[in-house]
Structure formats: structure tokens, C-alpha cells
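Here is a set of questions and answers about how the words used for a protein model are justified. Each answer sets a value beside its cut-off and then draws the conclusion.

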Amino acid sequence: METATSDATAAFVDAIVARDFARARELLHTEIDFRAMTPAIFWEADNPADVETVLRKWLENPEREVTRIHATEPHAVADTIRVGWLVQ
């Protein structure tokens, strides 16, 4: 499970950096519980299409560069994998 999680996490991050939000959506499980915090907004979504909408709004400004993504260590909780990133 560790390798699959790492591969999926890396692919998701790569899609975000490339602003390929459709690809990011394709990588998500249908029963996702997505939460993200930015300085002004707390984002939530519970399905891949809504996650794509959140990512598009969050990164809609083409001049807003993603300069660094620092991944946290994935954690398993029951049948769920929690992954997180600090996006700068």
C-alpha cells in the first residue's frame, strides 16, 4: 500500500503543479473527503468533481505560481489514507 499511496500522491501533486485539474480529478476516489486551508478560505469537497472545482478556484490566477509543495507523511486511519501538503 505504501508504494501505491506514494505513486498516487506524486501523480496528484504533479497534476496540480501542471494545473491539469481534470487529471487530478481522475486520480481521486469517488468517496473523497477533501479539505484544504488557505489564509482566507477553508475549502471542502466530497466528490472528485467538486475537488476539481476547488482546485480551479484556488489556483485560477495564472500568475499565482506554485513554487513548492511539501508533502506530509501519509497516515492510514481504518480504511482511509490521509495525505497532506503545504503548497507555497
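Values and cut-offs

Glu44 is exposed, because its relative accessible area is 51% and exposed means over 50%. This value, like the others below, comes from a predicted model.

Q: What makes the contact between Arg35 and Glu44 a salt bridge?
A: The side chains of Arg35 and Glu44 meet with N and O atoms at 3.5 Å, and the cut-off for a salt bridge is a nitrogen of Lys or Arg within 4 Å of a carboxyl oxygen of Asp or Glu, so the pair qualifies.

Q: Why is Arg35 called exposed?
A: The relative accessible area of Arg35 is 53%, and exposed means over 50%, so the word applies to Arg35.

Q: What makes the pair Asp33 and Arg35 a salt bridge?
A: Between the side chains of Asp33 and Arg35 the N to O distance is 3.7 Å, and the limit is within 4 Å, so this pair also counts as a salt bridge. Asp33 and Arg35 are both exposed.

Q: How do you know that Arg25 and Glu52 form a salt bridge?
A: The closest N and O atoms of Arg25 and Glu52 are 2.2 Å apart, and a salt bridge needs such atoms within 4 Å, so the name is justified. This pair links distant parts of the chain, since Arg25 belongs to helix α2 (residues 21-26) and Glu52 to helix α3 (residues 48-58), 27 residues apart.

Q: Why is Glu52 given one of the words buried or exposed, and which one?
A: Glu52 has a relative accessibility of 11%, and buried means under 20%, so Glu52 counts as buried.

Q: What makes Arg25 buried, partly exposed or exposed?
A: Arg25 has a relative accessibility of 29%, and partly exposed covers the range between the cut-offs of 20% and 50%, so Arg25 counts as partly exposed.

Q: How many salt bridges does a search of the whole structure find?
A: The search finds five salt bridges, and among them is the one between Arg25 and Glu52.

Q: Why is Arg19 called partly exposed, and where is its place in the chain?
A: Arg19 has a relative accessibility of 28%, which lies between 20% and 50%, so Arg19 counts as partly exposed. The place of Arg19 is in the loop between α1 (2-17) and α2, and Arg19 has a positive phi of about 55° although it is not a glycine.

Q: What makes Thr53 partly exposed?
A: Thr53, whose place is in helix α3, has a relative accessible area of 36%, and this value falls between 20% and 50%, so Thr53 is partly exposed. The C-alpha atoms of Thr53 and Ala71 are separated by 22 Å, with the two residues 18 apart along the chain.

Q: Which helices and strands does the chain have, and in what pattern?
A: The chain has three helices and six strands, and along the sequence they follow the pattern α-α-β-β-α-β-β-β-β.

Q: Why is the chain called as compact as a globular protein of that length?
A: The radius of gyration of the chain is 13 Å, which is close to the 12 Å that the globule rule gives for 88 residues, so the chain is as compact as a globular protein of that length. The C-alpha atoms fill a box of roughly 35 × 25 × 25 Å along the principal axes, and 27% of the 88 residues count as buried.

Technical notes. Residues numbered from 1 in each chain as written. Predicted model: local features only at pLDDT ≥ 70, side-chain atom pairs only at ≥ 80, totals over all residues. Heavy atoms only, no water. Helix = DSSP H or I, 4+ residues; strand = E, 2+ residues; numbered from the N terminus. Rg over C-alpha atoms; globule rule 2.2 N^0.38 Å. Buried < 20%, exposed > 50% of the residue type's maximum accessible area, 1.4 Å probe, protein only.
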